[in-house]
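Reader: Hello! I am new to this structure and would love a close look at one part of it, the aromatic rings. Could you walk me through them?

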Amino acid sequence: MKKYKVTARPDELSEALKQRTIEELNAHGYEYDELWPDYCFVIGGDGTFIYAVHEIMRAHKIPLRDVKFYGIHTGTLGFYTDYRDTEYDEFLETFLAGKCTEVTYPLLQVDYAGIIHNAINEIRVENAARTQVIDVYVNGEKFETFRGTGLCVCTQLGSTAYNRSLGGAVIQEGLDLIELTEMAGIHHSKFRSLEAPIVLKGDSVLEFRSASFNEAVIGCDADVYHIDDVTSIKIYIAKTPVHMLRGRQVSYFDRLKSLF
């Protein structure tokens, strides 16, 4: 028997669709299981989708690679979903008929002091208390010294999230790339970093070194971790991707136009 769970945004419409989904899946022989799901249905927005993935990584016993995520948007069309709430019947019928296509999307991984965290959109190293000095290495080679608030590393999917707000480039779907973008860099005659986003190959390994990360934090999507005693941080694409179900083909540019 296939097992599933449902993660919904806490609003009236999303909660109503959650109950409907549970009733219909149970009627078709599926079993609700919070801890060992084969499928995670996500009802809400892109933020809800990201939360659902982190929820599996953080609180559940099943490996992320064994869960397939399938979402419906109760707002505008998102990057993680193919259906709006008004298309609910088609959304569920496509799944029950086995007509979904499985795709994978990369996770970012950060490794520091033996601690590992993952993110879908971006990983940020930021310090709001003081100027953060970071030596940036790409695949072991010194690239630059950055001074400012921090640095943001994003996936292709994450390029339209916080990265875009920082002035980073939007990366087209299907490209195996990561992007490094500055957060409030300080530039004058005595020191200067690239002062522009840089897009790197997906197999690149970034390392951030500093004599002190005191008062700085690492942000992994919405999760934040303090790193006071850290001197080296590595960020790269994780070996395990996120498995998602797509119910239909929606143009990447249609998604962009619906959001921006």
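Author: Gladly! One term comes up straight away: a residue counts as buried when its relative accessible area is under 20%. By that cut-off, Tyr88 and Phe91 are both buried in this predicted model. The two belong to helix α3, which covers residues 88–96, and because they sit 3 residues apart there, about one helical turn separates them. Their ring centres are 5.9 Å apart and the ring planes meet at 45°, so this pair counts as tilted. Planes have to be over 60 degrees apart to count as edge-to-face.

For an example of edge-to-face, turn to Tyr30 and Tyr39. The centres of their rings lie 6.5 Å apart with the planes at 70°, so the pair is edge-to-face. Tyr30 and Tyr39 are buried as well.

Now let us put these pairs in their setting. Searching the whole structure turns up 14 aromatic pairs. Ring pairs join Tyr88, Phe91, Tyr30 and Tyr39 into a cluster that also includes Tyr4, Tyr32, Phe41, Tyr70, Tyr83 and Phe95. If you follow the cluster on your screen, Tyr88, Phe91 and Phe95 are among its members, and Tyr88 and Phe91 are the ones we met in helix α3.

One more ring is worth a visit, this time for its contact with a charge. Arg209 lies over the face of Tyr137, at 3.7 Å from the centre of that ring.

Technical notes. Residues numbered from 1 in each chain as written. Predicted model: local features only at pLDDT ≥ 70, side-chain atom pairs only at ≥ 80, totals over all residues. Heavy atoms only, no water. Phe/Tyr/Trp six-rings, centres within 6.5 Å; stacked < 30°, edge-to-face > 60°. Buried < 20%, exposed > 50% of the residue type's maximum accessible area, 1.4 Å probe, protein only. Helix = DSSP H or I, 4+ residues; strand = E, 2+ residues; numbered from the N terminus. Lys NZ or Arg CZ within 6 Å of the ring centre and 35° of its normal.
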